[in-house]
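Student: Could you take me through the aromatic rings in this protein, up close? I'd like to see how they sit together and where they are in the chain.

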Amino acid sequence: MITIRHAASLGTAHDGGQVLRCHFAFADYADPTHGHEGRLRAVNACTLPAGAAYRIGPEAAVDIVTWVADGTLATDMAGFEPDALGTGGLHLASTGSGCAQMAWRAGGQGASFIQFWFLADTQGMVPAQEMRPALPELEDGGFRILASGFPEDDPEEGESVDDGAPVTLTSRARLLHAALPAGEGAAYGTAPGRVLYLLVVSGAVRIGTQGLHAGDAAAISELTDITVTADEAAVVLLADVAA
């Protein structure tokens, strides 16, 4: 089953001093029909003006994956060294047993980012932080794994993060990225008992006969194989979580 969530139907939340566009109930945005999608707790989009920061905390037992859609973003997670990311960069805040505060601050040209919140499968873990710069697009235009809680997705011993290793989730989940030229497609297969959540960052795509445009999303259940086809050049993010 494929359920389309159009961008115009998303909620608005006020949190951490900023305004978020939310796919699920979050902060002061209440939505009894969209509480979560399986173990995917939240998908939020935020645009920050130059120098502005989004601050949250305390948080626990959730993996917060931040993907920079545009601009530069400085990260500040309590107990860890700050760092900076450019467009396409990725930050993982694995809150484990508890993290007092996290913040993301825009650079001089502002920044737009998308956050995926995955519920942790293991409780009481030590908090952790990981970062990745923007990775080169795959030559075949397929899905690249950005974050994973599956050991089989880790690189072989001896490889480094420069090889494109995903950040490590405490949830048995994946976050994937694909940049599709117009007319091209990307296929993905998952296991029974999983749900997929596809977000169109830019462009326009189709799943079967259903079309989606920038900002739209699709919740996909009871299907193990999908193909996303670009009607125009597109960037998409795909979450794969337990139902």
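Tutor: Let's start with the strands: this is a predicted model, and its protein chain has 18 strands and 0 helices. Of the 243 residues, 50% are buried. The chain's radius of gyration is 17 Å, which agrees with the value near 18 Å for a compact globule with 243 residues. Residues 24 or more positions apart make up 73% of the contacts with a separation of 6 or more, so keep an eye out for partners from distant parts of the chain.

Now for the rings. The structure holds 6 aromatic pairs. One of them joins Tyr 54 and Trp 104, with 5.8 Å from centre to centre and 25° between the planes, and it is stacked. This pair links distant parts of the chain: Tyr 54 belongs to strand S5 (residues 53-56), while Trp 104 belongs to strand S9 (residues 102-119), 50 residues apart. Is that pair buried or exposed? Tyr 54 has a relative accessible area of 0%, so it's buried. Trp 104 counts as buried too, because its relative accessibility is 0%.

Another pair to look at is Phe 116 with Phe 118: their ring centres are 6.4 Å apart and their planes are at 15°, so this pair is stacked. Phe 116 is at 0% relative accessibility and therefore counts as buried. Phe 118 is buried, with a relative accessible area of 0%.

Finally, go back to Tyr 54 and Trp 104 and add Phe 113: these three form one aromatic cluster.

Methods
Residues numbered from 1 in each chain as written. Predicted model: local features only at pLDDT ≥ 70, side-chain atom pairs only at ≥ 80, totals over all residues. Heavy atoms only, no water. Helix = DSSP H or I, 4+ residues; strand = E, 2+ residues; numbered from the N terminus. Rg over C-alpha atoms; globule rule 2.2 N^0.38 Å. Buried < 20%, exposed > 50% of the residue type's maximum accessible area, 1.4 Å probe, protein only. Contact = heavy atoms within 4.5 Å. Phe/Tyr/Trp six-rings, centres within 6.5 Å; stacked < 30°, edge-to-face > 60°.
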